[in-house]
Amino acid sequence: KNLMADVPYLEALGSLLYLAMCTRPDIAFAVSELAKFASNPGFIHWTGVKRIMRYLRGTLDYGLSYGTSIHGLYGSVDSSYARCLDTRRSRYGGILMLNDGPVDWKSKLQSIVALSSMEAEYIGACELVKVITWLRQCMVELGQDSLSSGPTTLYIDNLSAKMFADEYMVRNRSRHIDTQYHFIREKITQGLVSLVHQSTKDMAADILTKPLGKKLFERFRHLMGVRQLVHFTD
(Lines give C-alpha, C1' and ligand atoms only; values in the text may rest on other atoms or scores of the structure.)
Protein backbone atom coordinates (compact mmCIF):
# COMPACT_ATOMS: atom_id res chain seq x y z
CA LYS A 1 0.00 0.00 0.00
CA ASN A 2 2.86 2.37 0.73
CA LEU A 3 4.40 1.75 -2.69
CA MET A 4 1.07 2.35 -4.43
CA ALA A 5 0.19 5.45 -2.40
CA ASP A 6 1.57 7.87 -4.98
CA VAL A 7 0.29 5.98 -8.03
CA PRO A 8 -2.79 7.67 -9.61
CA TYR A 9 -4.62 4.35 -10.03
CA LEU A 10 -8.12 5.58 -9.24
CA GLU A 11 -7.77 8.64 -11.46
CA ALA A 12 -6.58 6.58 -14.41
CA LEU A 13 -9.23 3.94 -13.79
CA GLY A 14 -11.95 6.60 -13.72
CA SER A 15 -10.84 7.89 -17.11
CA LEU A 16 -10.86 4.38 -18.56
CA LEU A 17 -14.31 3.68 -17.09
CA TYR A 18 -15.64 6.77 -18.85
CA LEU A 19 -14.27 5.55 -22.18
CA ALA A 20 -15.49 1.99 -21.63
CA MET A 21 -19.01 3.21 -20.89
CA CYS A 22 -19.31 5.84 -23.63
CA THR A 23 -17.21 5.21 -26.73
CA ARG A 24 -14.90 2.18 -26.42
CA PRO A 25 -16.76 -1.06 -25.62
CA ASP A 26 -13.69 -3.01 -26.74
CA ILE A 27 -11.95 -2.19 -23.41
CA ALA A 28 -15.02 -2.82 -21.22
CA PHE A 29 -13.94 -6.29 -20.08
CA ALA A 30 -10.38 -5.31 -19.15
CA VAL A 31 -11.49 -2.16 -17.32
CA SER A 32 -14.18 -4.05 -15.41
CA GLU A 33 -11.61 -6.61 -14.27
CA LEU A 34 -9.24 -3.89 -13.03
CA ALA A 35 -12.08 -2.05 -11.28
CA LYS A 36 -12.49 -4.98 -8.88
CA PHE A 37 -9.19 -3.99 -7.26
CA ALA A 38 -9.88 -0.26 -6.94
CA SER A 39 -9.76 -0.33 -3.13
CA ASN A 40 -6.42 -2.15 -2.92
CA PRO A 41 -4.52 -2.21 -6.24
CA GLY A 42 -1.09 -3.68 -6.73
CA PHE A 43 1.62 -3.05 -9.31
CA ILE A 44 0.23 -5.81 -11.53
CA HIS A 45 -3.04 -3.90 -11.74
CA TRP A 46 -1.23 -0.64 -12.48
CA THR A 47 0.60 -2.46 -15.26
CA GLY A 48 -2.77 -3.51 -16.64
CA VAL A 49 -3.98 0.10 -16.65
CA LYS A 50 -0.87 1.22 -18.54
CA ARG A 51 -1.34 -1.56 -21.11
CA ILE A 52 -4.86 -0.34 -21.82
CA MET A 53 -3.51 3.21 -22.16
CA ARG A 54 -0.94 2.01 -24.69
CA TYR A 55 -3.63 0.15 -26.62
CA LEU A 56 -5.76 3.29 -26.77
CA ARG A 57 -2.74 5.33 -27.88
CA GLY A 58 -2.30 2.95 -30.80
CA THR A 59 -5.99 3.04 -31.77
CA LEU A 60 -6.79 6.75 -31.48
CA ASP A 61 -8.44 6.69 -34.90
CA TYR A 62 -10.91 3.98 -33.84
CA GLY A 63 -14.43 4.75 -32.71
CA LEU A 64 -18.08 3.81 -32.96
CA SER A 65 -19.52 3.68 -36.46
CA TYR A 66 -23.21 3.67 -37.36
CA GLY A 67 -25.37 3.21 -40.42
CA THR A 68 -23.23 0.72 -42.35
CA SER A 69 -26.44 -1.26 -43.00
CA ILE A 70 -30.10 -1.28 -42.01
CA HIS A 71 -30.60 -4.24 -39.70
CA GLY A 72 -32.78 -2.62 -37.04
CA LEU A 73 -32.25 -3.60 -33.41
CA TYR A 74 -30.47 -6.87 -32.58
CA GLY A 75 -28.09 -8.10 -29.93
CA SER A 76 -25.72 -10.82 -28.78
CA VAL A 77 -25.02 -12.20 -25.33
CA ASP A 78 -22.34 -14.49 -23.95
CA SER A 79 -21.10 -15.68 -20.55
CA SER A 80 -17.84 -16.95 -19.17
CA TYR A 81 -18.71 -19.64 -16.64
CA ALA A 82 -17.22 -19.24 -13.12
CA ARG A 83 -14.90 -16.51 -14.41
CA CYS A 84 -14.13 -15.00 -10.99
CA LEU A 85 -11.66 -17.22 -9.13
CA ASP A 86 -12.56 -15.70 -5.76
CA THR A 87 -16.36 -15.93 -5.86
CA ARG A 88 -16.84 -18.32 -8.81
CA ARG A 89 -19.44 -15.98 -10.26
CA SER A 90 -19.75 -15.97 -14.02
CA ARG A 91 -19.15 -12.90 -16.15
CA TYR A 92 -21.67 -12.03 -18.80
CA GLY A 93 -21.31 -9.65 -21.70
CA GLY A 94 -24.02 -8.27 -23.90
CA ILE A 95 -24.20 -5.78 -26.73
CA LEU A 96 -27.16 -4.29 -28.58
CA MET A 97 -26.73 -3.02 -32.13
CA LEU A 98 -28.87 -0.63 -34.14
CA ASN A 99 -28.09 -0.48 -37.86
CA ASP A 100 -24.74 -2.17 -37.18
CA GLY A 101 -23.75 0.37 -34.53
CA PRO A 102 -23.60 -0.37 -30.77
CA VAL A 103 -26.16 1.46 -28.62
CA ASP A 104 -25.77 -0.46 -25.35
CA TRP A 105 -23.18 -2.86 -23.95
CA LYS A 106 -22.20 -4.38 -20.64
CA SER A 107 -19.48 -6.56 -19.13
CA LYS A 108 -20.34 -7.53 -15.58
CA LEU A 109 -20.08 -10.30 -13.00
CA GLN A 110 -23.41 -11.94 -12.30
CA SER A 111 -25.00 -11.35 -8.91
CA ILE A 112 -25.31 -15.08 -8.12
CA VAL A 113 -23.20 -18.19 -8.61
CA ALA A 114 -24.45 -20.18 -11.59
CA LEU A 115 -24.25 -23.96 -11.33
CA SER A 116 -23.74 -24.62 -15.04
CA SER A 117 -22.71 -22.86 -18.22
CA MET A 118 -26.32 -23.11 -19.43
CA GLU A 119 -27.55 -21.30 -16.34
CA ALA A 120 -24.90 -18.60 -16.71
CA GLU A 121 -25.91 -18.00 -20.33
CA TYR A 122 -29.62 -18.02 -19.46
CA ILE A 123 -29.17 -15.44 -16.70
CA GLY A 124 -27.05 -13.25 -18.98
CA ALA A 125 -29.68 -13.42 -21.71
CA CYS A 126 -32.39 -12.39 -19.26
CA GLU A 127 -30.41 -9.32 -18.22
CA LEU A 128 -30.06 -8.24 -21.85
CA VAL A 129 -33.75 -8.85 -22.58
CA LYS A 130 -34.56 -6.27 -19.88
CA VAL A 131 -32.52 -3.69 -21.79
CA ILE A 132 -34.13 -4.74 -25.09
CA THR A 133 -37.58 -4.17 -23.59
CA TRP A 134 -36.60 -0.66 -22.49
CA LEU A 135 -35.00 0.22 -25.84
CA ARG A 136 -38.04 -0.93 -27.78
CA GLN A 137 -40.22 1.32 -25.66
CA CYS A 138 -37.83 4.23 -26.25
CA MET A 139 -37.97 3.77 -30.03
CA VAL A 140 -41.77 3.74 -30.00
CA GLU A 141 -41.81 6.99 -28.02
CA LEU A 142 -39.37 8.51 -30.54
CA GLY A 143 -41.64 7.55 -33.41
CA GLN A 144 -39.30 4.84 -34.73
CA ASP A 145 -41.87 2.05 -34.60
CA SER A 146 -40.47 0.44 -37.75
CA LEU A 147 -37.17 -0.28 -35.99
CA SER A 148 -38.95 -2.21 -33.24
CA SER A 149 -41.51 -4.03 -35.39
CA GLY A 150 -41.35 -7.80 -35.05
CA PRO A 151 -39.28 -9.66 -32.46
CA THR A 152 -35.79 -8.41 -31.63
CA THR A 153 -33.18 -11.03 -32.49
CA LEU A 154 -30.86 -11.98 -29.65
CA TYR A 155 -27.93 -14.19 -30.65
CA ILE A 156 -26.69 -16.75 -28.14
CA ASP A 157 -24.05 -19.46 -28.59
CA ASN A 158 -25.34 -21.87 -25.94
CA LEU A 159 -27.94 -24.12 -27.54
CA SER A 160 -29.09 -25.54 -24.18
CA ALA A 161 -29.91 -22.06 -22.86
CA LYS A 162 -31.85 -21.28 -26.04
CA MET A 163 -33.89 -24.48 -25.77
CA PHE A 164 -34.53 -23.89 -22.08
CA ALA A 165 -35.87 -20.40 -22.82
CA ASP A 166 -38.08 -21.63 -25.67
CA GLU A 167 -39.55 -24.83 -24.23
CA TYR A 168 -40.95 -23.94 -20.80
CA MET A 169 -39.63 -27.22 -19.47
CA VAL A 170 -38.56 -27.81 -15.87
CA ARG A 171 -35.81 -30.35 -15.38
CA ASN A 172 -34.06 -31.61 -12.28
CA ARG A 173 -30.98 -29.52 -13.03
CA SER A 174 -32.94 -26.31 -13.59
CA ARG A 175 -35.58 -26.27 -10.84
CA HIS A 176 -33.47 -24.01 -8.65
CA ILE A 177 -33.29 -21.13 -11.19
CA ASP A 178 -34.97 -18.08 -9.69
CA THR A 179 -38.35 -17.04 -11.07
CA GLN A 180 -37.10 -13.57 -12.00
CA TYR A 181 -34.86 -15.03 -14.69
CA HIS A 182 -37.85 -16.54 -16.51
CA PHE A 183 -38.77 -13.01 -17.61
CA ILE A 184 -37.14 -13.91 -20.92
CA ARG A 185 -39.73 -16.63 -21.55
CA GLU A 186 -42.57 -14.14 -21.23
CA LYS A 187 -41.01 -11.81 -23.80
CA ILE A 188 -40.49 -14.69 -26.23
CA THR A 189 -44.16 -15.67 -25.86
CA GLN A 190 -45.21 -12.06 -26.48
CA GLY A 191 -43.20 -12.03 -29.70
CA LEU A 192 -40.90 -9.24 -28.56
CA VAL A 193 -37.67 -11.27 -28.49
CA SER A 194 -36.39 -14.19 -30.53
CA LEU A 195 -33.38 -16.23 -29.41
CA VAL A 196 -31.20 -17.40 -32.28
CA HIS A 197 -28.26 -19.76 -31.92
CA GLN A 198 -24.98 -18.41 -33.26
CA SER A 199 -21.56 -20.01 -33.52
CA THR A 200 -19.02 -18.88 -30.92
CA LYS A 201 -16.65 -17.79 -33.70
CA ASP A 202 -19.22 -15.17 -34.75
CA MET A 203 -20.27 -14.12 -31.23
CA ALA A 204 -19.26 -10.47 -30.86
CA ALA A 205 -20.19 -10.44 -27.15
CA ASP A 206 -17.33 -12.89 -26.49
CA ILE A 207 -15.00 -9.89 -26.35
CA LEU A 208 -16.85 -8.71 -23.22
CA THR A 209 -16.40 -11.91 -21.21
CA LYS A 210 -12.79 -13.08 -21.42
CA PRO A 211 -9.28 -12.29 -22.78
CA LEU A 212 -8.87 -13.16 -26.45
CA GLY A 213 -6.05 -13.59 -28.92
CA LYS A 214 -5.22 -10.76 -31.29
CA LYS A 215 -7.03 -12.13 -34.35
CA LEU A 216 -10.25 -12.93 -32.49
CA PHE A 217 -10.12 -9.63 -30.61
CA GLU A 218 -9.79 -7.61 -33.81
CA ARG A 219 -12.56 -9.61 -35.50
CA PHE A 220 -15.03 -9.12 -32.65
CA ARG A 221 -14.02 -5.48 -32.26
CA HIS A 222 -15.09 -4.93 -35.86
CA LEU A 223 -18.33 -6.90 -35.40
CA MET A 224 -19.29 -4.82 -32.37
CA GLY A 225 -19.00 -1.59 -34.37
CA VAL A 226 -15.61 -0.28 -33.19
CA ARG A 227 -13.90 0.48 -36.45
CA GLN A 228 -11.17 2.67 -37.89
CA LEU A 229 -12.79 5.97 -38.76
CA VAL A 230 -12.14 7.77 -42.03
CA HIS A 231 -11.44 11.46 -41.65
CA PHE A 232 -12.41 13.69 -44.55
CA THR A 233 -10.45 16.87 -45.21
CA ASP A 234 -11.09 19.78 -47.57
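A residue is called buried when its relative accessible area is under 20%, exposed when it is over 50%, and partly exposed in between. The exercises below apply this and related criteria to a predicted model.

**Exercise 1. Classify K210 and D206 by accessibility, and state how their side chains are related.**

Step 1. K210 has a relative accessible area of 23% and is therefore partly exposed, whereas D206, at 5% relative accessibility, counts as buried.

Step 2. For a salt bridge, a side-chain nitrogen of Lys or Arg has to lie within 4 Å of a carboxyl oxygen of Asp or Glu. The closest N and O atoms of K210 and D206 are 2.5 Å apart, and the two residues form a salt bridge.

**Exercise 2. Describe the salt bridges that K130 and D166 make, and place each pair in its helix.**

Step 1. Side chains of opposite charge can pair when their charged atoms come close.

Step 2. K130 forms a salt bridge with E127, with 3.6 Å between the closest N and O atoms. Both residues belong to helix α4, which covers residues 117-141, and they lie three residues apart, about one turn of the helix. K130, with 35% relative accessibility, counts as partly exposed, and E127, with 21%, also counts as partly exposed.

Step 3. D166 meets K162 in a salt bridge with an N to O distance of 2.8 Å. Because D166 and K162 are four residues apart in helix α5 (residues 159-167), about one helical turn separates them. D166 is partly exposed at 32% relative accessibility.

Step 4. To complete the inventory, the structure holds eight salt bridges, and a network of salt bridges links E33, K36 and R91.

**Exercise 3. Determine the strand order of the open five-stranded sheet, and explain why one side of β4 and of β6 has no neighbour in the sheet.**

Step 1. The five strands of this open sheet follow the order β4-β3-β2-β5-β6, and their pairing is mixed.

Step 2. Since β4 (101-109) and β6 (193-197) stand at the edges with a single partner strand each, one side of each is left without a neighbour in the sheet. Neighbouring strands of the sheet are turned against each other by 20° on average, with direction ignored.

Step 3. Within the sheet, β2 (residues 73-80) and β5 (residues 152-156) pair in the parallel sense over four bridges, and the bridge partner of S76 in β5 is Y155.

Step 4. Helix α2 (residues 28-35) packs on the sheet, where the helix touches β3 (91-98) and β4, and its direction makes about 30° with that of β4.

**Exercise 4. Characterise the surroundings of L96 in strand β3.**

Step 1. L96 has a relative accessible area of 0% and is therefore buried.

Step 2. Leaving aside residues up to four places away in sequence, L96 touches several residues, among them L73, Y74, G75, V103, L128, V131, I132 and L135.

Step 3. For one of these, L135, the separation from L96 is 39 residues in sequence, while the C-alpha atoms are 9.5 Å apart in space.

**Exercise 5. Decide whether D26 is buried or exposed, and list the polar contacts of its side chain.**

Step 1. D26 is found in the loop between α1 (9-22) and α2, and with 4% relative accessibility D26 counts as buried.

Step 2. The side chain of D26 makes a polar contact with the side chain of R24 at 2.9 Å and with the side chain of Y55 at 2.6 Å.

Step 3. Beyond residues up to four places away in sequence, D26 touches Y55, I207, F217, R221, M224 and V226.

Definitions and conventions. Residues numbered from 1 in each chain as written. Predicted model: local features only at pLDDT ≥ 70, side-chain atom pairs only at ≥ 80, totals over all residues. Heavy atoms only, no water. Pairing = 2+ DSSP bridges. Helix = DSSP H or I, 4+ residues; strand = E, 2+ residues; numbered from the N terminus. Axes fitted to C-alpha atoms, helices over the stretch in contact; angles between N-to-C directions. Contact = heavy atoms within 4.5 Å. Buried < 20%, exposed > 50% of the residue type's maximum accessible area, 1.4 Å probe, protein only. Polar contact = N/O pair within 3.5 Å; in protein donor to acceptor, adjacent residues only side chain to side chain.
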